[in-house]
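Subject: Handover of a structure

Dear colleague,

Please find the structure below, together with its sequence. My account of what was found in it follows.

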Amino acid sequence: MDQNTPVATTAGAAAPDTRFAALPARPGKIVAIHLSYASRADQRGRRPQHPSYFFKPSSSVAASGSTIERPEGTELLAFEGEIALVIGAPARRVTIDEAWSRVAWVTAANDFGLYDLRANDKGSNVRSKGGDGFTPIGPSLLDARAIDPAKLRVRTWLNGVVVQDDSTAGLLFPLAQLVADLSQHFTLERGDVILTGTPAGSSVAVPGDVVEVEVDVPGGESSGRLVTTVVQGSAAFDPALGSLPAVDDVQRTEAWGSREAAGLPADDTRPGLSPELRAKLEAAPVAGLSGQLRKRGLNNVTIDGVRAQHPGSKLVGTARTLRFVPNREDLFASHGGGYNAQKRAFDSVGDGEVIVIEARGETGSGTLGDILAIRAHARGAAGIVTDGGVRDAEAVAAVGIAVYSAGAHPAVLGRKHVPWDHDVTIACGGTTVQPGDIIVGDADGVIVIPPGLVEEIVDATLAQEDEDAWIAQRVAEGHPIDGLFPMNEEWQGRYRAWRETN
């Protein structure tokens with residue numbers, strides 16, 4: 001039998017399930033890719049080095065003209081128009097050159113996902129993308145033998161308006177590469193479906209919306225429009241059985257495609273420093289800030305063991321955090337390559353922020369080098385603090401960004417560290433640092449100030465600095481320290497009188 005011939009129903013056999021009307025048979029596997037289009041990756045702010053995948057159950061397949069329920073108690077049902085590849089002949093360890101010959105058909109698909117459940121499944125997408133009706137496919141199959149896979153187009157309409165329009169020229173990974181890559185790990189069998197990712201423009205659909213997806217060769221063959229209507233479901237999730245749907249602004253932003261589309265402030269809402277507060281902190285010495293924090297019972301707020309690469313430099317900014325764990329070869333293999341936590345942290349740092357790195361005081365390896373320092377500098381970061389080593393130390397110093405470290409070391413990351421996660425609470429130089437904490441550094445070292453105290457602390461520090469400067473002048477004039485430092489009641493009166501006339 002030709003691989004491109006759909007399986008016919010024999011006389012007397014049971015009627016085929018209408019969900020799979022557009023396919024040769026019920027697929028044994030549906031494999032979907034996370035990020036594959038440059039437009040989508042740039043929208044998300046991360047470009048993967050290699051493709052990564054997840055499975056969808058065949059029970060999620062639906063035909064054109066079907067409905068999809070948005071479950072009761074949820075808000076973020078997102079559509080993703082995609083090109084679907086249908087395997088026609090077994091593929092096991094095929095090369096890229098051989099891979100396309102194993103694809104029999106091409107059609108349209110919609111990879112629906114419920115972002116309300118995404119965080120709970122931690123990337124597996126089992127529930128967030130596995131629901132009944134969450135994978136509409138069709139309505140017609142295109143013969144892959146007659147198609148140039150580099151010239152396919154995918155478009156999506158929401159209520160008649162085009163919201164996605166891209167082509168396979170915009171893929172990060174060619175379609176044949178996906179087939180060849182997957183065939184390294186398991187056999188792709190006849191009828192299996194590969195969902196090849198969605199371009200920018202994916203967003204949220206609400207009950208009453210109609211979503212249409214079409215795959216075509218511009219000016220040539222088309223899959224026809226795959227039509228799905230969103231309806232409101234009435235069945236709620238049972239809290240006694242599992243975790244309930246939950247959303248936050250991060251999920252809303254990713255589901256809608258942008259903060260603005262989600263109805264959130266368009267600018268970055270991470271806590272920052274006003275120009276006035278930043279100027280005060282730049283004028284305040286770390287030693288003075290430390291003294292004021294100590295008066296308020298905060299003694300464990302210094303990042304110990306780090307020194308500035310640029311003597312005399314001042315560091316002021318809000319913390320973004322990056323955490324390394326001790327190197328373990330299997331964990332470095334899974335977390336050290338690709339778009340790892342270290343790269344994500346440096347790619348997402350914002351203007352006036354400080355990347356603070358937990359390296360456990362381990363200086364036997366670099367925790368950053370000149371390329372990452374350049375990236376942070378280009379994004380407007382205020383500086384970098386690490387209780388580990390710096391690689392390419394001279395080149396890093398030449399970048400011009402403020403860097404505080406425990407020293408230099410020529411070794412790469414994997415000798416001692418695995419980049420694990422970012423924007424979490426960490427320990428750096430014996431001090432707990434949370435995202436959004438205020439970081440100030442000078443020749444005396446680096447200090448961490450809780451955001452809720454910073455105004456009070458800096459104002460008290462500057463006031464104390466004025467007082468100390470006046471005391472220093474009196475000592476320089478020959479007055480004894482006793483009674484002057486700290487000031488007794490007589491000297492306090494003199495100081496108040498001086499303040500009133502100056």
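I begin with a pair of residues on neighbouring strands: A78 stands opposite G113, which lies in strand β8. Please bear in mind throughout that this is a predicted model.

The strand β5, residues 77-79, pairs with β8 in the antiparallel sense, and 2 bridges link the two. They belong to an open sheet of 3 strands, ordered β8-β5-β13, with antiparallel pairing. The edges of that sheet are β8 (113-114) and β13 (203-204); each has a single partner strand, so one side of each is left without a neighbour in the sheet.

Strand β6 may be considered next. Of its 7 residues, 7 are buried, so the strand is largely enclosed by the rest of the structure. Its residues point in two directions: G81, I83, L85 and I87 one way, and E82, A84 and V86 the other, with all of them buried. Two pairings of β6 can be described. With β7 the strand runs antiparallel, joined by 7 bridges, and N110 in β7 is the bridge partner of G81. With β12 the pairing is also in the antiparallel sense, over 3 bridges; here L195 in β12 is the bridge partner of A84.

Both of these partner strands, and β6 as well, return in the surroundings of helix α4. The buried residues of α4 pack against β6 (81-87), β7 (103-110) and β12 (193-195), and also against β1 (30-33), β2 (53-56) and α2 (96-99). The helix covers residues 175-183 and is mostly covered itself, with 8 of its 9 residues buried. Those buried residues are L175, A176, L178, V179, A180, D181, L182 and S183.

Helix α6, residues 275-283, has L277, R278 and L281 among its residues, and these three are buried. Viewed down the axis of α6, the buried residues fall within an arc of 100°, so they line one face of the helix. As a general point, an α-helix has 3.6 residues a turn, so residues three or four places apart point the same way. The face of α6 turned away from the buried side carries P275, E276 and A283, which are exposed. The cover over the buried residues of α6 includes the strands β18, β25 (438-442) and β26 (445-449), along with helix α12 (454-476).

Two of the elements in that cover deserve a further word. The first is β18, which spans residues 315-326 and contains R320. Is R320 buried or exposed? Its relative accessible area is 7%, which is under the 20% limit, so R320 is buried. The side chain of R320 forms a polar contact of 2.9 Å with that of E353. R320 lies 31 Å from F173, C-alpha to C-alpha, and the two are 147 residues apart in sequence.

The second is α12, which packs with helix α7 (residues 286-295) at an angle of about 120°, the axes being 9 Å apart. The crossing of α7 past α12 is right-handed. Which residues meet where these helices pack? From α7 there are G288, L289, Q292, L293 and K295, and from α12 there are I457, V458, A460, T461, Q464 and E465.

With kind regards

Technical notes: Residues are numbered from 1 along each chain as its sequence is written. This is a predicted model: local features need pLDDT of at least 70, side-chain atom pairs count only at pLDDT 80 or more; totals for chains, interfaces and linings use all residues. Side-chain values use heavy atoms; hydrogens and water are left out. Buried means under 20% relative accessible area, exposed over 50%, partly exposed in between (1.4 Å probe, protein chains only). Helices (H or I, at least four residues) and strands (E, at least two) are DSSP runs, numbered from the N terminus. Contact means heavy atoms within 4.5 Å. A polar contact is a pair of N or O atoms within 3.5 Å; within protein, one must be able to donate a hydrogen and the other to accept it, and residues adjacent in sequence count only if both atoms are side-chain atoms. The arc is that of the directions from the helix axis to the C-beta atoms. Two strands pair if DSSP finds at least two bridges between them. Axes are lines fitted to C-alpha atoms, for helices over the stretch in contact, and angles run from 0 to 180 degrees between N-to-C directions. A crossing is left-handed if the near helix is turned anticlockwise from the far one by less than a right angle, and right-handed if clockwise.
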